[in-house]
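Student: I should like to take a close look at a single part of this model. Please describe the sheet, how its strands pair and what packs on it.

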Amino acid sequence: MAINDRIMDGYRIIQSVEIYGMEIAVAENPDAEQPYLMARRSVNEAFGAEKHLIPVYSSDYLQVMQAFVQCQSQYLDNLELARVYRGSAALDAPLSAGDCLPDGMDMDLEDKVVALKASILRPEYRACSHQLMLATGGFGCSPSARGRTVFATNLYSGEHERWNRGDILGVVAEDTLPGWAHEKLARLREPRQKESVIAQIREAKNNPAPSQKDAARAQKSHEPEI
């Protein structure tokens with residue numbers, strides 16, 4: 001791979017691979033005491049903040065490359081374990097347009113189970129378990145709105161995500177969902193009782209927090225007599 005202009009902690013990245021949501025990179029700084037660096041690199045796209053996890057500095061290029069390969073192997077093992085947990089590759093195969101309702105995108109998508117297009121996902125995430133989302137809002141839910149943003153909850157991970165309407169493959173009929181997706185969906189739709197502010201104030205009045213003086217008095221009453 002050709003040397004590029006990206007810099008990591010003052011070192012120029014010379015090799016990198018993205019896997020499992022993380023970039024693993026090897027970088028070089030000929031002027032440093034230890035001219036080679038290997039680190040897992042993540043960037044917060046919203047704020048542009050970089051994190052370099054578990055960096056390995058060395059004057060030995062082979063040592064850094066060994067760490068680079070070992071790190072990739074570890075992530076691949078994690079991916080394999082995740083696949084075992086979800087089911088076989090056949091059961092977790094990518095969804096296509098044939099798995100979606102014919103006129104699904106003509107509906108309002110809010111509270112519908114939708115599938116992302118596999119083509120927009122990284123190769124390791126092109127699977128049913130990473131495509132299924134519960135659309136929760138956003139102007140992009142409406143087929144006639146100008147806005148394109150769709151807010152959704154990932155059925156598998158439970159994470160809140162933001163997508164473009166054009167990223168969505170279609171609406172998936174809920175009776176065709178795999179068992180794990182039915183369970184996750186049921187949990188997401190469970191009504192959550194939200195305690196009112198008045199109820200919280202009433203509870204605080206009925207059960208006031210002890211003052212420092214009361215706490216000191218209670219502690220003293222439990223001290224053994226000498």
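Tutor: A suitable place to begin is one pair of residues: Thr153 has His160, in strand 9, as its bridge partner. This is a predicted model, and the pair belongs to the contact between strand 8, residues 149–154, and strand 9, which run antiparallel and are joined by five bridges. In general, the strands of a sheet pair through backbone hydrogen bonds, in either a parallel or an antiparallel sense.

The two strands are part of an open sheet of five strands, whose order is 9-8-7-6-10 and whose pairing is antiparallel. Strand 9 (160–164) and strand 10 (168–171) lie at the edges; each has a single partner strand, so one side of each has no neighbour in the sheet. From one strand to the next, the twist averages 45°.

Helix 3, residues 179–188, packs on this sheet. The helix touches strand 6 (113–116), strand 7 (132–137) and strand 8, and the direction of helix 3 makes about 20° with that of strand 7. Strand 8 therefore has two roles in this description, as it pairs with strand 9 and is touched by helix 3, while strand 9 is an edge strand with a single partner.

As for the setting of this part, the protein contains five helices and ten strands. Of its 226 residues, 32% are buried. Among contacts with a separation of 6 or more, 49% are between residues 24 or more positions apart. The accessible surface of the protein is about 15100 Å², and carbon and sulfur atoms account for 52% of that surface.

Key. Residues numbered from 1 in each chain as written. Predicted model: local features only at pLDDT ≥ 70, side-chain atom pairs only at ≥ 80, totals over all residues. Heavy atoms only, no water. Pairing = 2+ DSSP bridges. Helix = DSSP H or I, 4+ residues; strand = E, 2+ residues; numbered from the N terminus. Axes fitted to C-alpha atoms, helices over the stretch in contact; angles between N-to-C directions. Contact = heavy atoms within 4.5 Å. Buried < 20%, exposed > 50% of the residue type's maximum accessible area, 1.4 Å probe, protein only. Areas by Shrake-Rupley, 256 points an atom, 1.4 Å probe, with all protein chains shown as cover.
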